[in-house]
Amino acid sequence: MANDISIMQKINHKLDPHEIASLGASLRAIEQKLLKQRRKEGYTKIWFQGEEPYFDVFFEFENEKIVWFQFTLRGKTVSWDIKRPELQTGNTNELCLDDVSFYAASKTIENDTQTDWEFIYLVKLILETRAEEEIFAKALALFKK
């Protein structure tokens, strides 16, 4: 990863440690019955939603191993897929003011042409606030690959 110290200094201008901790603490698991699950044995989806709009984390597991991950905050996203095992950043349409963006199921993502390392580092900091929980520890392992 790029120079962690310079990245941290830039990020600190956007979010202070208290706000980072508050975002992490606000993540709550959504009732499993609300998620459409694949009928495949050993496959599960888990969704966490934060207190502020446009803040959520999705996990897909196969036999307790992450196969897909997506973190969305304020119109930015970091995702990872086992088929392409590298972190990918992008932007969502959630902050656009058109008719389509009012429907939660219509979120689209446009991937960045260059990885946004500052945002990846911010996501890592937020996830670290919950590192004692197995699911978030597994997500953090994706940031070390």
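## A hairpin to start with

In the hairpin of β4 and β5, 2 residues lie between the strands, and R74 takes a positive phi near 50° there. This is a predicted model, so please read every value here as computed from predicted coordinates.

The two strands of this hairpin run antiparallel, with 6 bridges joining β4 to strand β5 (residues 76–81). If you would like a pair to look up in the viewer, W68 stands opposite D81 in β5.

## The other side of the story: β3 and β4

Strand β4 also takes part in a hairpin with β3, and here too there are 2 residues between the strands. In this hairpin N63 is the residue with a positive phi, near 50°. Strand β3 (residues 55–62) and β4 run antiparallel and are joined by 8 bridges. One pairing to check is E62, which stands opposite K65 in β4.

How much of β4 is buried? Strand β4 covers residues 65–73, and 7 of its 9 residues are buried, leaving the strand mostly covered. As general background, side chains in a regular strand alternate between the two faces of the sheet.

## Where two helices meet

Now for the helices. Two packed helices are described by the angle between their axes and the distance between the axes. For helix α2 (residues 17–26) and helix α3 (residues 117–128), the angle is about 65° and the axes are 8 Å apart. The crossing of α2 past α3 is right-handed.

Which residues make up this contact? From α2 come I20, L23 and G24, and they meet L122, L125 and I126 of α3. By class, the residues of this contact divide into 5 nonpolar, 1 polar and no charged.

## The chain as a whole

Stepping back, the protein chain has 4 helices and 7 strands. Along the sequence they follow the pattern α-α-β-β-β-β-β-β-β-α-α, and the helix contact described above pairs α2, at residues 17–26, with α3, at residues 117–128.

Contacts give another view of the fold. Taking those between residues at least 6 apart in sequence, 39% join residues at least 24 apart.

Finally, some totals for the surface and interior. The protein chain has 145 residues, of which 41% count as buried. The chain exposes about 9,100 Å², and carbon and sulfur atoms supply 52% of that area.

Notes: Residues are numbered from 1 along each chain as its sequence is written. This is a predicted model: local features need pLDDT of at least 70, side-chain atom pairs count only at pLDDT 80 or more; totals for chains, interfaces and linings use all residues. Side-chain values use heavy atoms; hydrogens and water are left out. Axes are lines fitted to C-alpha atoms, for helices over the stretch in contact, and angles run from 0 to 180 degrees between N-to-C directions. A crossing is left-handed if the near helix is turned anticlockwise from the far one by less than a right angle, and right-handed if clockwise. Contact means heavy atoms within 4.5 Å. Ala, Val, Leu, Ile, Met, Phe, Trp, Tyr, Cys and Pro count as nonpolar, Asp, Glu, Lys and Arg as charged, and the others, Gly among them, as polar. Buried means under 20% relative accessible area, exposed over 50%, partly exposed in between (1.4 Å probe, protein chains only). Two strands pair if DSSP finds at least two bridges between them. Accessible areas come from the Shrake-Rupley method with a 1.4 Å probe; for residues, only the protein chains shown count as cover.
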